[in-house]
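I am opening a notebook on a structure I have not looked at before, and I will write down each place as I look it up.

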Amino acid sequence: MKVGGQHFRTIWLHPTNERVVQLIDQRFLPHQFVVEDVSTVEQMTDAIRQMHVRGAGLIGASAGYGMYLAAIEAGRTGSISAKEFDARLTEAAERLKATRPTAVNLAWAIERVRAGLAAKQTLTVPEKVKLALCIAKQIAAEDEENCRMIGKHGLNLIEEIGRAKDGKPVNILTHCNAGWLAFVDYGSALAPVYAAHDRGLPVHVWVNETRPRSQGSKLTAWELGQHGVPHTIIADGAGGHLMQRGAVDLVMVGSDRTTRAGDVANKIGTYLKALAAQDNKVPFYVALPSSSFDWAIRDGSEIPIEERGAEEVKRAEGWRDDRMWEVSVAPESSPAANFGFDVTPRRLVAGLITERGVCKADEKSILELFPEHAS
């Protein structure tokens with residue numbers, strides 16, 4: 001996607017030093033566009049945990065590059081045995097996995113790098129470093145292409161609604177940020193929106209602010225504005241009101257982890273949007289690449305839900321005098337709970353938009369698209 005007319009991915013290698021990974025530090029958006037250099041595993045774990053990067057696909061790509069950096073660090077110790085090299089990568093993998101427990105892409109990417117290296121035990125350490133980089137690049141490239149295909153398949157849904165509206169704008173409500181900032185490029189839930197806008201179809205996006213970190217008002221609104229897509233920021237609780245008044249044609253969200261039977265974990269507050277959509281007969285779709293499926297579980301109750309620090313609920317950030325300020329918005333003595341995600345049961349989901357097409361949110365339909373995971 002573009003920033004000020006220039007194309008950017010969310011993560012890439014430094015153009016003159018491939019041992020440095022560069023990423024967009026999203027903590028400063030929408031007020032400043034900051035590119036961060038990451039050259040160690042410790043820096044990458046901090047970037048994931050502290051949400052310099054966030055979103056299912058981007059977390060996975062970052063973890064893949066984190067394993068590449070771990071391979072570089074392990075290989076710096078002169079002569080090192082294959083056993084010791086593997087042990088150091090295992091330690092780095094556990095540190096990376098501990099950063100964000102809900103997004104399944106994290107562990108998926110880490111294990112993909114480890115499996116790729118394990119299959120080539122006869123390689124020298126420098127060759128293993130090169131292979132780790134190759135796999136990390138593949139993860140990022142596949143994430144980009146899968147999101148492009150999600151946009152293509154989701155476009156058909158928007159076009160169908162647009163035909164029924166006879167040229168009037170299609171109003172799409174989204175929650176959190178599932179645009180290109182959450183992936184390597186294109187995004188999941190916003191990929192169809194960009195595809196429709198680029199096709200010349202009139203669309204308008206209702207952007208939930210998404211407390212407590214405000215990924216909607218800070219990130220989704222910023223990237224929609226960069227792309228020229230009409231949008232309006234709303235308070236988190238306003239979605240049901242708009243649906244009651246016929247102002248929402250379609251709800252489209254992303255997913256951090258979806259079970260093989262179709263239960264969806266996404267940013268806290270998604271479940272309430274799905275309930276309101278069902279009550280008002282508004283179709284509720286989830287867009288996700290196959291890397292966000294957890295093929296090992298069926299029921300959403302098995303998905304681990306990240307609990308973050310109370311300070312995110314009790315405090316807020318804002319921009320003033322060319323810098324970010326944090327202010328208190330709650331009594332200091334009051335406790336606060338900060339659940340990062342909730343689970344929307346499959347019965348509330350009209351369909352899943354994947355890189356292979358759109359399917360119902362049930363195990364049979366999902367496995368028809370992804371038969372390799374049937375066993």
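**Entry 1: Glu312.** I began with Glu312, which I found in helix H10, residues 311-314, and I kept in mind from the start that this is a predicted model. I asked whether Glu312 is buried or exposed. With a relative accessible area of 12%, Glu312 is buried, since buried means under 20%. I then looked up its polar contacts, and found that its side chain meets the side chain of Arg213 at 2.7 Å, while a second polar contact, of 2.9 Å, joins it to the side chain of Arg308. Leaving out residues up to four places away in sequence, I listed Arg211, Pro212, Arg213 and Asn338 as the residues that Glu312 touches. I also noted Ala337, which is 25 residues from Glu312 in sequence and, C-alpha to C-alpha, 9.5 Å from Glu312 in space.

**Entry 2: Asp185.** Next I turned to Asp185, in the loop that runs between strand E6 (170-174) and helix H6 (191-199). I wanted to know which side chain of opposite charge is nearest to Asp185, and how far away it lies. It is Arg9, at 5.5 Å, and the buried Asp185 has no salt bridge, because a salt bridge needs the charged atoms within 4 Å. What I did find is that the side chain of Asp185 reaches the backbone nitrogen of Met1 at 2.6 Å. Among the residues that Asp185 touches, with those up to four places away in sequence not counted, I wrote down Met1, His7, Phe8, Arg9 and Trp180.

**Entry 3: strands E6 and E7.** From E6 I went on to strand E7, and saw that the two run parallel and are joined by five bridges. In one pairing that I looked up, Leu173 has Trp206 in E7 as its bridge partner. Strand E7, residues 203-208, is mostly covered, with six of its six residues buried. Val203, Val205 and Val207 point one way from the strand, whereas His204, Trp206 and Asn208 point the other way.

**Entry 4: Thr99.** I then located Thr99 in the loop between helix H3 (82-97) and helix H4 (104-118), where its relative accessible area of 5% makes it buried. A polar atom of the Thr99 side chain lies 2.6 Å from the backbone oxygen of Leu96. Not counting residues up to four places away in sequence, Thr99 touches Thr45, Ile48, Arg49, Leu106 and Glu306.

**Entry 5: helix H5.** I checked whether the length of helix H5, residues 125-164, agrees with its number of residues. Its 40 residues, at 1.5 Å a residue, should span 58 Å, and the end C-alpha atoms are 59 Å apart, which agrees. Just after H5, I noted that Asp166 takes a positive phi of about 55 degrees.

**Entry 6: a sheet of four strands.** Last, I looked up an open sheet with mixed pairing, whose four strands come in the order E13-E10-E11-E16. Strand E13 (293-294) and strand E16 (341-344) stand at the edges with a single partner strand each, so one side of each is left without a neighbour in the sheet. I followed E16 to strand E11, residues 264-267, and found the two running antiparallel, with four bridges between them. One residue pair I could place there is Ala265 with its bridge partner Val343 in E16.

Conventions:
Residues are numbered from 1 along each chain as its sequence is written. This is a predicted model: local features need pLDDT of at least 70, side-chain atom pairs count only at pLDDT 80 or more; totals for chains, interfaces and linings use all residues. Side-chain values use heavy atoms; hydrogens and water are left out. Buried means under 20% relative accessible area, exposed over 50%, partly exposed in between (1.4 Å probe, protein chains only). Lys and Arg count as positive and Asp and Glu as negative; His and the chain ends are not counted. A polar contact is a pair of N or O atoms within 3.5 Å; within protein, one must be able to donate a hydrogen and the other to accept it, and residues adjacent in sequence count only if both atoms are side-chain atoms. Contact means heavy atoms within 4.5 Å. Two strands pair if DSSP finds at least two bridges between them. The expected span of a helix is 1.5 Å times one less than its number of residues.
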